[in-house]
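Colleague: I am new to this one. Could you walk me through how to read it, feature by feature?

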Amino acid sequence: MVKYVIRRFLELLLALFLIATATFFLTAAAPGDPLIARTMSLPEASREALYAKYGLDKPLMERYVITMKGMLHGDFGESVVYEGQTLQDILRDKLPVSARLGLQALLLGVIVGLLLGILAAIKRETWIDRVVVVFAVLLMSVPELVLGLMFQKFFAGTLKWFPVIGWPSGDQLWLGGWKYTVLPTLSCALLHIATYSRLMKTSILDVMDQDYILTARSKGLSEPRIVWSHILRNSFIPIVTRLPVSVATCITGSFIIEKIFSIPGIAAYYIEAVSANDLSIVLGETVFIAALFIAVVFLTDILYTVVDPRIRIQGGKR
């Protein structure tokens, strides 16, 4: 077990390094000059000083070595587009916004999705099961972009029940301004509902076909006890291992939804940084998001062996 954990940890560190390297060279190869807009009207000496400040006057490989050394200390440099801004500043200001949107969508999506999945499994081969399946397939087939624009036009534009754009800030960042969060949250939650309803139904049906369920029924156990003690408890194993990935996704936000509703989160800022060729911020956010998902993958691997006692890791192999 210990050897497996160490090996997986080293593999994931290597993956993070490769992601950072690939991102650096891809952003460096992108066409355009991130400083051109700021230096057009400056004299030559000032222009050279500005390029030297951001290290853009150095050869590519020298910049790469400097960037990698800084990354080891969590320093990705100053934003080229927004002077004085660093990755830490952006995460401090933008990450809570994306986190609230994601957490609200995750809670709503997981709870509703699990309830629909349980209902569909218990009422399988009935009209309830068919409605849930069609509903889930429909939600997974329609992109978030389409759902967000539909909600925005109908509920905000036509009915005027909610604001078209915006997001709570200041003292209302976490617990206020609910009218601004309804449509974005619902737009993000629908995919979670579809995913978890299908996953829960499949997991329950798989457990219901196991021999130990037939044994429990033959012993005369009541159906509610069988469902609660045997079916549901074992059906949640795939759910538990799936949740960390969803949590990581919700923390980093939804790129499309944040852009549609003008939500000042980390995902929307990432799109702006890519468009403006803001090299240090693009690299920093990419590494941050990659590190978050890599940590989740590592946690999921360990968690799976904990929640399912049938799985053991021996000799570094699962």
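Colleague: In what order do the elements of the protein chain run from the N terminus on?

Modeller: Read them as a string of letters. Here the string is α-α-α-α-α-α-α-α-α-α-α-α-α. That makes 13 helices and zero strands. Keep in mind that this is a predicted model.

Colleague: What does the C-alpha trace of the protein chain span along its principal axes?

Modeller: About 90 × 60 × 35 Å. The chain has 318 residues, and 43% of them count as buried.

Colleague: What share of the contacts with a separation of 6 or more comes from residues 24 or more positions apart?

Modeller: In this chain, that share is 74%.

Colleague: Let us take one helix. How do I check the length of H7?

Modeller: Use the rise of 1.5 Å a residue. Helix H7 covers residues 144-158, which is 15 residues, so the helix should span 21 Å. The end C-alpha atoms of H7 are 20 Å apart, which agrees.

Colleague: Which residues of H7 are buried?

Modeller: Start with the general idea. An α-helix has 3.6 residues a turn, so residues three or four places apart point the same way. In H7, the buried residues are Leu147, Gly148, Phe151, Gln152 and Ala156. They pack against H8 and H11.

Colleague: What follows H7?

Modeller: Lysine 160, with a positive phi near 60°. On the other side, valine 142 sits in the loop between helix H6 (127-141) and H7. Valine 142 has a relative accessible area of 24%, so it is partly exposed. Valine 142 and leucine 191 are 49 residues apart in sequence, yet their C-alpha atoms are 9.1 Å apart in space.

Colleague: Now the rings. How many aromatic pairs does the structure hold?

Modeller: Eight. One of them joins phenylalanine 24 and tyrosine 64. For any pair, read the distance between centres, then the angle between planes. Here the centres are 5.5 Å apart and the planes make 55°, a tilted pair. This pair links distant parts of the chain. Phenylalanine 24 lies in helix H1 and tyrosine 64 in helix H4, 40 residues apart.

Colleague: Are phenylalanine 24 and tyrosine 64 buried or exposed?

Modeller: Compare each value with the cut-off: buried means under 20% relative accessible area. Phenylalanine 24 has 5%, so it is buried. Tyrosine 64 has 12%, so it counts as buried too.

Colleague: And which way do phenylalanine 151 and phenylalanine 155 pair?

Modeller: They are tilted: 5.8 Å centre to centre, 55° between the planes. Both belong to helix H7; because they are four residues apart, about one helical turn separates them. Phenylalanine 151 counts as buried at 13% relative accessibility. Phenylalanine 155, at 22%, counts as partly exposed. There is also a cluster here. Phe151, Phe154, Phe155 and Trp161 form one aromatic cluster.

Colleague: On to the spaces. What is the volume of the largest pocket, and which residues lie nearest its centre?

Modeller: Take volume, then lining, then chemistry. The volume is about 440 Å³. The lining has 20 residues, and Tyr54, Thr67, Phe76, Gly77 and Ser280 lie nearest the centre. Helices H1 (2-29), H4 (60-72) and H13 (279-307) each give two or more residues to this lining. H4 has the largest share, with four. By class, the lining has nine nonpolar, six polar and five charged residues.

Colleague: How much space lies in the second largest pocket?

Modeller: About 290 Å³. Its lining has 18 residues, with Glu144, Cys188, Leu191, His192 and Thr249 nearest the centre. The elements giving two or more residues are helix H5 (87-122), helix H8 (178-208), helix H10 (223-252) and helix H11 (255-260). H10 gives the most, five residues. The lining divides into eight nonpolar, eight polar and two charged residues.

Colleague: Pockets are open. What is the volume of the largest cavity?

Modeller: A cavity is a space where the probe fits but cannot get out. The largest has a volume of about 40 Å³. The count of cavities of 30 Å³ or more comes to one. Residues lining the largest cavity include Phe162, Pro163, Tyr180 and Phe261. By class, this lining has eight nonpolar residues, one polar and one charged.

Notes
Residues numbered from 1 in each chain as written. Predicted model: local features only at pLDDT ≥ 70, side-chain atom pairs only at ≥ 80, totals over all residues. Heavy atoms only, no water. 1 Å grid on protein atoms, 1.4 Å probe; cavity = no way out; pocket = protein on both sides within 12 Å on 5 of 7 lines; lining within 4 Å. Points joined across faces, edges and corners; volume = space filled by probe spheres on them. Nonpolar A, V, L, I, M, F, W, Y, C, P; charged D, E, K, R; others polar. Expected span 1.5 Å × (residues − 1). Buried < 20%, exposed > 50% of the residue type's maximum accessible area, 1.4 Å probe, protein only. Contact = heavy atoms within 4.5 Å. Phe/Tyr/Trp six-rings, centres within 6.5 Å; stacked < 30°, edge-to-face > 60°.
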